[in-house]
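Student: Please take me through one part closely, starting with the pairing of strands. Then follow the links outward from there.

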Amino acid sequence: MRCANCGAELKVGCVYCSVCGKEAQIVSDDSLLEDDFLKGLLKEKKQTLQKAKQGISSKKKGGQGTSAKKNQVPKPPSPKKGKQGAPASKKGRQGASQKKNAKQAPAGKKAKGKRKKPVWAFVMVGILILLLGGIALLVHDRQENSYEYQMKKAAEYQEQKEYGKAEQCLKRALELDSTSEEAKMRLAKLYVLQGQDADALKLLQELIQGTKSRKEAYGLLIQVYVKQEEYGILEEMGREITDKEISGLLSEYRADPPVFKPEGGNYKEELSVELTGGEGCEVYYTTNGSDPKKGKKYQQPIPLEPGKSTRIRAVSRNKFGVYGEETEERYLIELQKPDTPYVTPSGGSFYSPQAVTVKVPEGCQVYYTWDTIPPSEESPLSLYTEPISIPEGNNVLSLVLVDKYGMYSEVLKCNYIYIP
């Protein structure tokens, strides 16, 4: 670009022209060419007028010189100057007069030029102003409709803690690209920063359905729910999510249902049930079918009563006091009758004194009687405590085993003949 005053090339960033010293007014090269052309025409016109005035002035001076010659008294020639001295002096005076007239004429022309400015100058200034204004509007419009520009300005405003302006830029960016997960995430973070949790949750619910920012969105969502102490929502989310990476973020908020060991069903033997809850959780249970949240805290295996159907309900509670989903199992212990007692000898004929020995399982008792009276635990004399001596004659020994649950075995009958 060039200086509007002298046309010199302006350096980038200069405020004043380095040639004429005037304040830099930037004009286009085309405008300078037009200025040079017009200035050239004016200069030619000035030169023509100057020549014409000089000619008129010379004629007037010449007439005055002839009249003065006639009336002038002759002077003696100077002893040092020859014939050429006088004409030289005259010519010198005429030259000085011409120079004076020549100087006066342009001065008058210049003064006239300063008073009246040409119309084209105002037209060019107006065009330049319109052009600059149009460029400014074009740049502003392009910035308003640029996603990248809005994101850049949002980052600058946020760094300067001008959150309101940053929010407007991010909203404008989303108007330009409504699918941008980056813009949604940055806006959600801005909402959280300003305490606008409802707006943040709305955006985060959209983001957790996406792909790029899903894990980050869940992390921010957890942060908001923890702030609101919505641990129940977090516990439910933790149980529903199957993605291992996301599930790991919610592990401490889960209260996984207790695991029963063994599982429910029908059993023919003595049984105790173990319960296992989630990590960092406590387990509460009942055996009568009532609400487990009001039941006992699990500490050791639960023994089941034989011959009775038992319904166990259990639930886990996490460290935030939130109960998870409860679960239950049903058990039926149908114990079989214990086997008949094992005795030695189990019968026979003997000619010397003999005694009968009975093997008694742990926790059980054996009752016996001679002859035909059936044994029972009501008769303390029939409780087996030591080997039983075989009496003389032909006798029948009847025995029955009673287990720890009070169940009777079949009666075992053994025939012994002792002849001394």
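Tutor: Start at Ala355. Its bridge partner is Ser389, which sits in β15. Ala355 belongs to strand β13, residues 355-359. β13 and β15 pair in the antiparallel sense, over 2 bridges. Bear in mind that this is a predicted model.

Now widen the view. β13 and β15 belong to an open sheet of 3 strands. The order is β11-β13-β15, and the pairing is antiparallel. β11 (342-344) and β15 (388-389) are the edge strands. Each of these pairs on one side only. What holds paired strands together in general? Strands of a sheet pair through backbone hydrogen bonds, either parallel or antiparallel.

Next, look at another sheet. This one is also open, with 5 strands in the order β4-β10-β9-β6-β7. Its pairing is mixed. The edges here are β4 (265-267) and β7 (296-297), and each pairs on one side only.

Walk across it from the β4 edge. β4 and strand β10 (residues 327-333) run parallel, joined by 3 bridges. Gly265 stands opposite Tyr331 in β10. Move on to strand β9, residues 309-317. β9 and β10 run antiparallel, and 6 bridges join them. Find Arg313: it stands opposite Glu328 in β10. At the other end, strand β6 (residues 282-286) meets β7. The two run antiparallel, with 2 bridges between them. Tyr284 has Lys297 in β7 as its bridge partner.

Stay with Glu328 for a moment. Its side chain forms a salt bridge with Arg311. The closest N and O atoms of that pair are 2.8 Å apart. Glu328 lies in β10 and Arg311 in β9, so the salt bridge ties together parts that are 17 residues apart in sequence. Buried or exposed? Glu328 falls in between: it is partly exposed, with a relative accessible area of 31%. Arg311 is partly exposed too, at 27%.

Another salt bridge joins Lys308 and Glu305. Here the closest N and O atoms are 3.9 Å apart. Lys308 counts as partly exposed, at 44% relative accessibility. Glu305 is partly exposed as well, with a relative accessible area of 48%. The count of salt bridges comes to 21. Some link up: Glu235, Arg239 and Glu325 form a network of salt bridges.

Now turn to the helices. Lys189 and Glu216 meet in a salt bridge, 2.6 Å from N to O. Lys189 lies in helix α6 and Glu216 in helix α8, so this pair ties together parts that are 27 residues apart in sequence. Lys189 is partly exposed, with a relative accessible area of 38%. Glu216 is partly exposed at 39%.

α6 (181-193) and α8 (214-227) appear again around helix α7. They are among the elements that cover the buried residues of α7. Which residues of α7 are those? In α7 (residues 197-207), they are Asp197, Ala200, Leu201, Leu203, Leu204 and Leu207.

Pick out Leu204. Leaving aside residues up to four places away in sequence, Leu204 touches Ala188, Ala217, Leu220, Leu221 and Val224. Leu204 is also part of the largest nonpolar core, which has 37 residues. Leu187, Leu204, Tyr218, Leu221, Leu234, Met237 and Leu250 touch the most other members of this core. Two or more residues each come from α4 (147-159), α5 (163-176), α6, α7, α8 and α9 (231-240). Apart from this core lies another, of 17 residues. Its members include Val343, Cys364, Tyr384 and Tyr416. There is a general rule to set beside this. In soluble globular proteins, nonpolar side chains tend to be buried together.

Finish on the surface, where the rule has its exceptions to look at. Leu128, Leu131, Leu132 and Ile135 form a nonpolar patch there. Together they have about 350 Å² of accessible area. Leu131 has its place in helix α3, residues 119-144. Why does Leu131 count as exposed? Its relative accessibility is 51%, and exposed means over 50%.

Notes: Residues numbered from 1 in each chain as written. Predicted model: local features only at pLDDT ≥ 70, side-chain atom pairs only at ≥ 80, totals over all residues. Heavy atoms only, no water. Pairing = 2+ DSSP bridges. Helix = DSSP H or I, 4+ residues; strand = E, 2+ residues; numbered from the N terminus. Buried < 20%, exposed > 50% of the residue type's maximum accessible area, 1.4 Å probe, protein only. Contact = heavy atoms within 4.5 Å. Core = buried A, V, L, I, M, F, W, Y, C linked by side-chain atoms within 4.5 Å. Patch = residues over 30% accessible without salt bridge, like charges linked within 9 Å, V, L, I, M, F, W, Y side chains within 5 Å. Areas by Shrake-Rupley, 256 points an atom, 1.4 Å probe, with all protein chains shown as cover. Salt bridge = Lys/Arg side-chain N within 4 Å of Asp/Glu carboxyl O.
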